[in-house]
Amino acid sequence: MRNRFVPVLVWIVAILVVWEAGSWALLNLAQVPLAQSKLPYVHAILTTSVQYSGTLLKEGSATFGNAAIGFVIGAAAGVLLAILMSVSRWIERLTFPYAVASQMIPILGLAPIIYGIVRDEYISRIIISGYITFFPVALNMLRGLRSVEPSALELMYSYAAKPWSVYWKLRFPAALPSLFSGLKIAAPLAVTGAILVELMGAQHGIGVIMLRNLYYGPSHVYMFWSTVVVGALLGILSYWVISLIERIIAPWQPEFRTRGGEQ
C-alpha cells in the first residue's frame, strides 16, 4: 500500500511546486495585474486556511452534513427503484424514461428553482444532493442486479429458492460492486450540489463564504481560494468514506486483495 501512495504523493508535491513557481513568475516576472487573484501563492492559501480554520470547519460541516443526508436519501431511493425495475419490466418501462428525462434538467437551473420554492437552505441542499445521487445509483444498481450469471440463477431455481432468497443471496452480493461505483460517482457530486445551493443566497455553508469573498477585492482572494480547497477536500472525503465502506462490505473484490504480499 505504501508503494501505491508514493506516486500520488510525488504528483501532489510536484503540482504544488509548479503552482508556487507559476504564481511567483506571474507576480514578479510577467507582472500580470491582480496576479494573485488568478494564481495565488500556495503557502498564502495554507496560511489563510489555518488562520480561519474554525470558520472553514464550521461552514464546511454544514455543507457536508446536509449533502450527506441528501446523499443517503437519494441513494436509498435509487436502490429501491433499481430493485423494482429489476423485478418488473413494466415498472422499468414506466419509470426509467422519466428518470432519464429528470437528469436532462441542468442542475445550475434547478438549484435556484428549488431554493426559491422551498425557501429553506437546509432542505434545499438535501433535495439537490438527493436529486444528484438518485440517478447514478439507480442505474448502476440495476446493472449490477442484472449482472448475475444465468447458470447461477438456474442453480438457485433448481434448489427451489424463493425470489427473496435469490435476491438476498445472489443478486444483491453481485450488485454491490456496481452499487458502490454509482455511490462513488454520486458522493462528490452531492457535495457540489449542496455548495451550488449555497451560492443562491443561503446563510451558512462553505459556498456562502466562497461567494462573499469572490467579489470583495484582492484582500479576500486567499480566503476565496481556501473555500475552494475545502470544497474539493469535502468531495474527496465523501469519496474516501464510500470507498472505506465498500472495502468493509465487499472485501472480496480483486482490487482489495493483496498482491505479492503488499499491504
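Which residues does Ser124 touch, if we leave out residues up to four places away in sequence? I would like to start from that serine, and I should say at once that what we are looking at is a predicted model, so please keep that in mind throughout.

Ser124 has its place in helix α7, and, not counting residues up to four places away in sequence, Ser124 touches Ile114, Tyr115, Val118 and Val197. Its relative accessible area is 0%, and because anything under 20% is called buried, Ser124 is a buried residue. If you look for a polar partner of the Ser124 side chain, you will find the backbone oxygen of Asp120, which lies 2.7 Å from a polar atom of that side chain.

A second serine, Ser226, can be described in a similar way. Ser226 lies in helix α11 and is buried, with a relative accessible area of 0%. Here the side chain of Ser226 makes a polar contact with the side chain of Ser49, at 3.0 Å, while the backbone oxygen of Tyr222 lies 2.8 Å from a polar atom of the Ser226 side chain. Leaving out residues up to four places away in sequence, Ser226 touches Ile45, Thr48, Ser49 and Leu56, so Ser49 appears both as a polar partner and in the list of touching residues.

Let me turn now to helix α5, which runs over residues 89-102 and has 14 residues. From its first C-alpha to its last, α5 reaches 20 Å, which is close to the 20 Å expected at 1.5 Å a residue. Even so, α5 bends by about 30° at Thr95, and a proline, Pro97, follows within four residues. At the N-terminal end, Ser88 caps α5, with a side-chain oxygen lying 3.2 Å from the backbone nitrogen of Trp90. Which residues of α5 are buried? They are Glu92, Ala99 and Ser102, and the buried residues of this helix pack against α4 (53-87) and α7 (121-145).

My last topic is the aromatic rings, for which the count comes to five aromatic pairs. One of these is formed by Trp19 and Trp225, an edge-to-face pair with 5.7 Å centre to centre and 65° between the planes. Why does the pair tie together parts of the chain that are 206 residues apart in sequence? The reason is that Trp19 lies in helix α1 (residues 2-28), whereas Trp225 lies in helix α11 (residues 221-249). Trp19 counts as partly exposed, at 22% relative accessibility, while Trp225 is buried, with a relative accessible area of 18%; the cut-off for buried is under 20%, and so the two residues fall on opposite sides of it.

Another aromatic pair is that of Phe96 and Phe135, which is tilted, with 6.3 Å centre to centre and 35° between the planes. This pair also links distant parts of the chain, since Phe96 is in helix α5 and Phe135 in helix α7, 39 residues apart. Phe96 is partly exposed, with a relative accessible area of 24%, whereas Phe135, at 16% relative accessibility, counts as buried.

To finish with the rings, Trp19, Phe224 and Trp225 are linked by ring pairs into a cluster, and elsewhere the charged end of Arg171 sits over the ring of Tyr167, 5.4 Å from its centre.

Definitions and conventions. Residues numbered from 1 in each chain as written. Predicted model: local features only at pLDDT ≥ 70, side-chain atom pairs only at ≥ 80, totals over all residues. Heavy atoms only, no water. Helix = DSSP H or I, 4+ residues; strand = E, 2+ residues; numbered from the N terminus. Expected span 1.5 Å × (residues − 1). Bend = angle between axes of the 7 residues up to and from the residue. Buried < 20%, exposed > 50% of the residue type's maximum accessible area, 1.4 Å probe, protein only. Contact = heavy atoms within 4.5 Å. Polar contact = N/O pair within 3.5 Å; in protein donor to acceptor, adjacent residues only side chain to side chain. Phe/Tyr/Trp six-rings, centres within 6.5 Å; stacked < 30°, edge-to-face > 60°. Lys NZ or Arg CZ within 6 Å of the ring centre and 35° of its normal.
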